[in-house]
Amino acid sequence: MRVLVVDDSALVRRILTDALSKHDDIEVVGTATDPYVARERIAQLRPDVITLDIEMPRMDGLSFLSKLMRHFPIPVVVCSSLSQENSETALRALALGAVDVIAKPGSSLSAGEITEELARAVRAASHARVVKRVEPQEPPAAVRSTIATLNTTNKIIALGASTGGTQALEHVLRRFPVDAPGTVVVQHMPEHFTLSFAKRLDSVCAMRVQEAKDGDYVVPGLVLIAPGGKHLVVQASGARWVARVKDGPKVHHQRPAVDVLFQSVARSAGRNAVGAILTGMGADGAKGMLAMREAGSYTVAQNEETCVVYGMPREAVKLGAATDILPLDRVADALLHAVHASAHA
């Protein structure tokens with residue numbers, strides 16, 4: 001994979017270049033100090049993937065990304081400092097077409113962790129389906145499902161996603177009505193970013209969306225997003241479900257991990273749960289979704305044609321974990337229909 005590193009800091013350019021060069025399957029073919037130099041290097045070098053800083057002189061990263069996706073779409077991994085302000089900008093970059101966002105060197109992550117995260121992000125980006133985009137307008141009104149979800153207080157919806165997942169999850173969650181079953185979500189994303197992501201979803205969805213806190217109840221009308229850097233599990237608490245936010249080792253190099261959430265849902269909710277695994281690189285979530293299906297849950301894998309990266313859903317399909325394989329625009333209705341059917345069975 002041929003990578004172009006774009007960052008105005010000479011130190012960061014060197015760190016990223018050194019980190020990527022440790023991997024035999026990745027070659028840094030050049031660097032650029034700002035978007036104008038980057039434009040020339042892209043034309044000369046034709047890289048497979050770009051790493052992009054957001055804050056740069058002469059032209060900011062978002063403006064450059066917008067132009068790039070309109071005229072010369074190429075997989076972009078945004079490298080951003082871990083802060084609340086930067087996380088909101090990074091989410092805007094994902095909406096503009098960036099494939100992934102990772103923490104910049106100098107954050108709370110160790111150099112070794114950043115090296116591995118960066119390599120994984122670049123590999124995922126190199127497999128991403130990137131198309132020309134028009135500038136997003138104001139988000140359209142949420143599309144509501146026509147399926148009623150009354151009398152489903154004892155049901156849970158579990159969703160997992162990675163690369164390309166921020167847009168896919170928004171697409172699904174915007175179709176859920178205000179009284180949809182309590183929903184738990186793992187999206188691979190650094191700390192701080194998940195809080196901004198939850199706020200973004202809360203502003204466009206009928207359901208309330210918030211970053212999960214330990215002890216939150218999973219109730220109808222509420223979506224809980226696993227916080228970056230922590231695992232999210234669901235436990236039975238009498239006749240209710242409670243979210244637990246935990247530390248613990250990474251699973252599939254991820255914390256939060258979809259497998260951890262799905263395994264807990266399988267144990268705690270079984271046939272009272274439905275779940276979906278959406279776009280993403282790797283295998284996280286496949287075994288957990290198989291456990292859900294074996295426990296009686298209805299499960300969906302997003303199909304290859306609508307995934308940005310068909311990795312996690314593919315692994316779930318290979319294991320036989322998916323009841324159905326569906327395009328993204330049919331996932332929400334399928335989940336709600338299954339909830340409705342089981343509630344009235």
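# Exercises on a predicted model

Ala158 in strand β6 has Val184 in β7 as its bridge partner, and this pair is a convenient entry into the structure, which is a predicted model.

## Exercise 1. The sheet around Ala158

Task: work out how β6 and β7 are paired, and in what order the strands of their sheet follow one another.

Solution. Begin with the two strands themselves: β6 and β7 pair in the parallel sense, and 6 bridges hold the pairing. Then widen the view to the open sheet, in which 7 strands follow the order β8-β9-β7-β6-β12-β13-β14 with parallel pairing. At its edges stand β8 (208–211) and β14 (324–326), each of which pairs on one side only. On average, and with direction ignored, neighbouring strands in this sheet are turned by 20 degrees against each other. Next add the helices: α9 packs on the sheet and touches β6, β12 and β13 (298–302), its direction making about 155 degrees with that of β12. Helix α11 also packs on the sheet, where it touches β6, β12, β13 and β14, and its direction makes about 180 degrees with that of β13.

## Exercise 2. The nonpolar cores

Task: identify which residues touch the most other members of the largest nonpolar core, and which helix gives the most to it.

Solution. The largest nonpolar core has 61 residues, and those touching the most other members are Ile50, Val76, Leu159, Phe176, Leu278 and Leu335. Helix α11 (residues 328–343) gives the most to this core, contributing 8 residues. A second core, separate from it, has 31 residues, among them Ala158, Ala212, Val218 and Leu232. To see the surroundings of one member of the largest core, take Val76, which, apart from residues up to four places away in sequence, touches Ile50, Leu52, Leu65, Leu68, Met69, Ala98, Val99 and Asp100. For the chain as a whole, 56% of the 345 residues count as buried.

## Exercise 3. Helix α8 and the loop before it

Task: decide whether helix α8 is mostly covered or mostly open, and examine the backbone on either side of it.

Solution. Count first: 8 of the 11 residues of α8 (residues 258–268) are buried, and the helix is therefore mostly covered, burial here meaning under 20% relative accessible area. The buried residues are Val258, Asp259, Val260, Leu261, Phe262, Ser264, Val265 and Ala266. They pack against strands β6 (156–161), β7 (182–187), β10 (231–237) and β12 (273–277), and against helices α9 (286–294) and α10 (312–318). After α8 comes Gly270, with a positive phi near 55 degrees.

Now turn to the loop between β11 (240–246) and α8, in which Pro256 has its place. The peptide bond from Arg255 to Pro256 is cis, with omega near 15 degrees. His252 lies in the loop between β11 and α8, and its phi is positive, near 55 degrees, although the residue is not glycine. His253 is in the loop between β11 and α8 as well, with a positive phi near 65 degrees. These values deserve a second look, because most residues other than glycine have a negative phi and most peptide bonds are trans. His252 has a relative accessibility of 35%, and so it counts as partly exposed.

## Exercise 4. The N-terminal unit and Thr33

Task: describe how β1 and β2 are joined, and say which residues Thr33 contacts.

Solution. Strands β1 (residues 2–6) and β2 (residues 27–32) run parallel and are joined by 5 bridges, with Val3 standing opposite Val28 in β2. Together with helix α1 (residues 10–21), they make a right-handed β-α-β unit. Thr33 has its place in the loop between β2 and α2 (35–45). Because its relative accessible area is 33%, Thr33 is partly exposed. Neighbours within four places in sequence aside, Thr33 is in contact with Asp7, Asp8, Arg13, Met56 and Pro57. Although Thr33 and Pro57 are 24 residues apart in sequence, their C-alpha atoms are 8.6 Å apart in space.

## Exercise 5. Where to read with caution

Task: determine which residues have a pLDDT that stays under 50.

Solution. The average pLDDT of the chain is 89, and 89% of the residues score at least 70. Over residues 135–140, however, pLDDT stays under 50, and the model has 11 contacts for them beyond four places in sequence. Where pLDDT is low, the predicted coordinates should not be read in detail.

Key: Residues numbered from 1 in each chain as written. Predicted model: local features only at pLDDT ≥ 70, side-chain atom pairs only at ≥ 80, totals over all residues. Heavy atoms only, no water. pLDDT = per-residue confidence, 0-100. Contact = heavy atoms within 4.5 Å. Pairing = 2+ DSSP bridges. Helix = DSSP H or I, 4+ residues; strand = E, 2+ residues; numbered from the N terminus. Right-handed = clockwise from strand over helix to strand, strands pointing away. Core = buried A, V, L, I, M, F, W, Y, C linked by side-chain atoms within 4.5 Å. Buried < 20%, exposed > 50% of the residue type's maximum accessible area, 1.4 Å probe, protein only. Axes fitted to C-alpha atoms, helices over the stretch in contact; angles between N-to-C directions.
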